[in-house]
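User: I have a structure to go through with you. Could we start with its surface and then move inward?

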Amino acid sequence: MSTHAKRERLLLADLLEAAGPDAATLCEGWRTRDLAAHVVVRERRPDAAAGTLVPLLKDRLERVQAEFAEKPYEELIQLIRTGPPRMSPFTIKQVDEGANVVEFYVHAEDVRRAQPDWSPRELDPVFADALWSRLEKSARLLGRKAPVGLVLRRPNGQTVVAHRGTPVVTVSGEPGELTMYLFGRQDAAKVELDGEQAAVERLHETKQLGI
């Protein structure tokens with residue numbers, strides 16, 4: 001049975017393939033080749049991927065990722081499609097779903113939304129609920145550096161507090177759009193901000209959302 005993570009993995013691979021190795025992405029400083037290398041290293045080189053969270057390993061991560069970016073682009077796409085190596089914890093369905101659903105969704109949108117003619121995806125309700133569930137669990141981490149109080153609200157009225165503080169700004173939108181917003185893609189997220197004008201402007205300009 002297909003899972004959200006598997007579906008988003010294949011979509012990401014298709015989008016990267018269609019865009020080619022030198023297309024723009026929403027990841028500052030990265031072309032599609034760099035993004036593909038990042039995804040492969042994250043799954044296949046945990047010794048380097050730890051540099052995402054451990055500052056002392058950041059140089060190693062950048063070096064290994066640059067090496068992978070030099071590989072044939074078609075090889076990187078195939079490695080994404082086929083998934084992690086057999087002994088990787090990502091081969092376990094629960095781990096794959098827990099770690100990769102949002103990762104692949106955001107990066108697929110990083111490719112889509114960097115193009116001038118992009119339009120929002122219509123997500124099925126089950127997938128939208130899955131993204132919202134993950135937002136509920138990670139909102140405090142992702143929004144911890146927000147310069148103002150931050151509340152996320154989806155159209156059905158459900159809310160989650162991403163950062164306590166005053167004044168408060170409420171960001172409203174579909175779960176997929178709120179996911180993009182909280183992962184630092186504010187300019188590409190279709191959301192509405194409600195609050196004091198000065199607070200809204202501070203939140204809109206911040207570069208502190210996300211990991």
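User: How much area does the protein expose, and what share do carbon and sulfur atoms supply?
Analyst: The protein exposes about 11200 Å², and carbon and sulfur atoms supply 52% of that area. Accessible areas come from the Shrake-Rupley method with a 1.4 Å probe; for residues, only the protein chains shown count as cover.

User: Where do these coordinates come from, and how are residues numbered?
Analyst: This is a predicted model, in which local features need pLDDT of at least 70 and side-chain atom pairs count only at pLDDT 80 or more, while totals for chains, interfaces and linings use all residues. Residues are numbered from 1 along each chain as its sequence is written, and side-chain values use heavy atoms, with hydrogens and water left out.

User: How many helices and strands are there?
Analyst: The protein has nine helices and four strands. Helices (H or I, at least four residues) and strands (E, at least two) are DSSP runs, numbered from the N terminus. Their order from the N terminus is α-α-α-α-α-α-α-β-β-β-α-β-α. The radius of gyration is 17 Å, close to the 17 Å that the globule rule gives for 211 residues, so the protein is as compact as a globular protein of that length. That radius is taken over C-alpha atoms, and the rule is 2.2 Å times the number of residues to the power 0.38.

User: What share of the residues is buried?
Analyst: Buried residues make up 45% of the 211 residues. Buried means under 20% relative accessible area, exposed over 50%, and partly exposed in between (1.4 Å probe, protein chains only).

User: Which residues of H8 are buried?
Analyst: In H8, Pro 175, Gly 176, Glu 177, Leu 178, Thr 179, Met 180, Tyr 181 and Leu 182 are buried. Eight of the eight residues are buried, so H8 is largely enclosed by the rest of the structure. Just after H8, Gly 184 takes a positive phi of about 85 degrees.

User: And H9, which residues are buried there?
Analyst: In H9 (residues 197–205), the buried residues are Ala 199, Val 200 and Leu 203. They cover an arc of only 100 degrees around the axis, which puts them on the same side of H9; the arc is that of the directions from the helix axis to the C-beta atoms.

User: What do they pack against?
Analyst: The buried residues of H9 pack against strand E1 (149–153), strand E3 (168–172), helix H8 (175–182) and strand E4 (192–194). Contact means heavy atoms within 4.5 Å. The face of H9 turned away from its buried side carries the exposed residues Gln 197 and Glu 205.
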